[in-house]
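Q: Could you take a close look at one part of this protein for me? I'd like to see who sits around it, and then how that spot fits into the whole thing.

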Amino acid sequence: MKRIADAADWVVDRVGAFAGAITLVMVLLISGNTLARYFFNVSEVWLQELEWHLLAVVALWGIAYMQLRGTPVRVDMFYQHYSERTKLWIDFLTALLVMLPFSLFICWLGWSFARHSWSLSEISPDPGGLPWRWAVKSLVVSGYALLALTAVSTVIRTGARLSGRPSEASHAG
């Protein structure tokens, strides 16, 4: 089971690192677009659309990485006072009963959404827009599939710790 969790973590880590790099590209793009628009009165539709395409990559692929690395926002006002075992149970049950089923449900819904867009070879409706709207819609499926992988890893690792097998709970480098 540890191998499965390690493989899931490896995939999510690599995709998360890519999403992090895209964040820098997105910031530079937005800054450049803003400067060009206000100082040179130049604005390209495809560059503006690229901004939100990149935002979709960062948001949908980055959420799994954030969840895996323990950086989501929690109601720490309560969580911080719980014992380690209670925290493990909360993490285990949340991943198993909320995060995994919800992620799989969104993948299932998103599949027909993305497939329809692919079948149309959907493009931007705006003149000068980007020709790959179908690719952005596919990010919904891939992003929530990554979140499902994170949920599987969390269930395996917290389950191992709850059952007294801490060696199976450790993350691979």
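A: Let's zoom in on arginine 133. Leaving aside its neighbours within four places in sequence, arginine 133 is in contact with Glu49, Trp52, Ser117, Glu122, Ile123, Ser124 and Pro125. Keep in mind that this is a predicted model.

Where does arginine 133 belong? Its place is in helix α5, and that helix covers residues 133-162. Is arginine 133 buried or exposed? Its relative accessibility is 15%, and buried means under 20%, so arginine 133 counts as buried. Across the protein, 37% of the 173 residues count as buried.

Now let's move along the helix. Leucine 139 touches His53, Ala56, Val57, Leu60 and Trp61, if you don't count residues up to four places away in sequence. Helix α2 spans residues 45-68, so you can look for those partners there.

Two of these names come up again in the middle of things. The largest nonpolar core has 31 residues, and Trp61, Leu139, Tyr144 and Leu146 are the ones that touch the most other members. The elements giving two or more residues to this core are α1 (2-40), α2, α4 (84-120) and α5 (133-162).

For a contrast, try leucine 55, which has its place in helix α2. With a relative accessibility of 45%, leucine 55 counts as partly exposed, because that label covers values between 20% and 50%. Leucine 55 is also 47 residues from phenylalanine 102 in sequence, and their C-alpha atoms are 22 Å apart in space.

Time to zoom out. The protein has six helices and zero strands, so reading from the N terminus the elements go α-α-α-α-α-α. The radius of gyration is 20 Å, well over the 16 Å that the globule rule gives for 173 residues, so the protein is more spread out than a compact globule. Its C-alpha trace spans about 60 × 40 × 30 Å along the principal axes.

How do distant parts of the chain meet? Among contacts with a separation of 6 or more, 75% come from residues 24 or more positions apart.

Finally, the outside. The protein exposes about 10500 Å², and carbon and sulfur atoms supply 71% of that. As for charges, there are 14 positive and 12 negative ones, and their mean positions are 9 Å apart.

Methods: Residues numbered from 1 in each chain as written. Predicted model: local features only at pLDDT ≥ 70, side-chain atom pairs only at ≥ 80, totals over all residues. Heavy atoms only, no water. Helix = DSSP H or I, 4+ residues; strand = E, 2+ residues; numbered from the N terminus. Rg over C-alpha atoms; globule rule 2.2 N^0.38 Å. Buried < 20%, exposed > 50% of the residue type's maximum accessible area, 1.4 Å probe, protein only. Contact = heavy atoms within 4.5 Å. Areas by Shrake-Rupley, 256 points an atom, 1.4 Å probe, with all protein chains shown as cover. Lys, Arg positive; Asp, Glu negative; His and termini not counted. Charge placed at Lys NZ, Arg CZ, Asp CG, Glu CD. Core = buried A, V, L, I, M, F, W, Y, C linked by side-chain atoms within 4.5 Å.
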